[in-house]
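Here are a few short exercises to work through with the structure open beside you. Try each task before reading its solution.

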Amino acid sequence: MMELQLFAQEDAAELAAEETAETSGEAAPDAGEQEDFETLIKGRYKEQFDERIRKILDGRLRGLRRENEQLRQDRQTQLDAARQAFARLESQQEELRKIYPDFDWRREVCNPEFGRMIEAGVDARTAYEVVHQRELMHKAMAYSAQRAARQAAQTVASGRRRVQENGRGGASISRSDPRELDSRQLADIRKRVLDGEKIRF
């Protein structure tokens, strides 16, 4: 408390000296005049000086209280926005898991980039796709490659079936005499017979 009063006295002394210089247009008092001022503020003008210090301190304290209140309100606003963002994430999680089964909003908010986007109002799916863009692209490319390989295998398999189906009508057997068939053609005929096809020459 004593330090605060000393600080206030020094501050008030400076203010008083500045005001005196401004109103009179004169320079600041020299050391002898300063000594007289000290005597005056501790003696005859002590009450007025103390009142002036109280007003200065009250003004500064009011300013600090306003700043603190504003900071508290800002913090509360941020907390409310964060709660709303988490509530939105939780409500979007099940829908998003239908597309991205490993999505977990609690794990994702640990990523600062994801958190910033959610706080800015970006929906969970967009934020997730932006953060995991490279990973998702690799998965999509792998899926496309697997799908293309499956389709190629199906095309080849269906092509073989068509050859066999076409052959069932007799198109693959060009000879009418079985004695003229080579071993590969005979093996094919045996297989077709085992599959239930009736062969005629």
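**Exercise 1.** Classify R97 as buried, partly exposed or exposed, and find its salt-bridge partner.

*Solution.* Start with the area: in this predicted model, R97 has a relative accessible area of 31%. Buried needs under 20% and exposed over 50%, so R97 is partly exposed. Next, look for the partner: the side chain of R97 meets that of E94 in a salt bridge, 3.8 Å from N to O. Finally, place the pair: both residues lie in helix α3, three residues apart, about one turn of the helix.

**Exercise 2.** Describe the salt bridge between R83 and D80, and say how accessible each residue is.

*Solution.* First, the distance from N to O is 3.1 Å. Second, R83 and D80 both belong to helix α3 and sit three residues apart. Third, apply the cut-offs: R83, at 52%, is over 50% and therefore exposed, while D80, at 32%, is partly exposed.

**Exercise 3.** Which helices each supply at least two residues of the largest nonpolar core?

*Solution.* Begin with the members: the core has 14 residues, and L89, L96, Y100, F103, F114, I118 and Y128 touch the most other members. Now map the core onto helices: α3 (46-97), α5 (112-119) and α6 (124-131) each supply at least two residues. The largest share, four residues, comes from α6. To finish, inspect Y128: leaving out residues up to four places away in sequence, Y128 touches L96, Y100, F103, E108, F114 and L136.

Notes:
Residues are numbered from 1 along each chain as its sequence is written. This is a predicted model: local features need pLDDT of at least 70, side-chain atom pairs count only at pLDDT 80 or more; totals for chains, interfaces and linings use all residues. Side-chain values use heavy atoms; hydrogens and water are left out. A nonpolar core is a set of buried Ala, Val, Leu, Ile, Met, Phe, Trp, Tyr and Cys residues joined through side-chain atoms within 4.5 Å. Buried means under 20% relative accessible area, exposed over 50%, partly exposed in between (1.4 Å probe, protein chains only). Contact means heavy atoms within 4.5 Å. A salt bridge is a side-chain nitrogen of Lys or Arg within 4 Å of a carboxyl oxygen of Asp or Glu.
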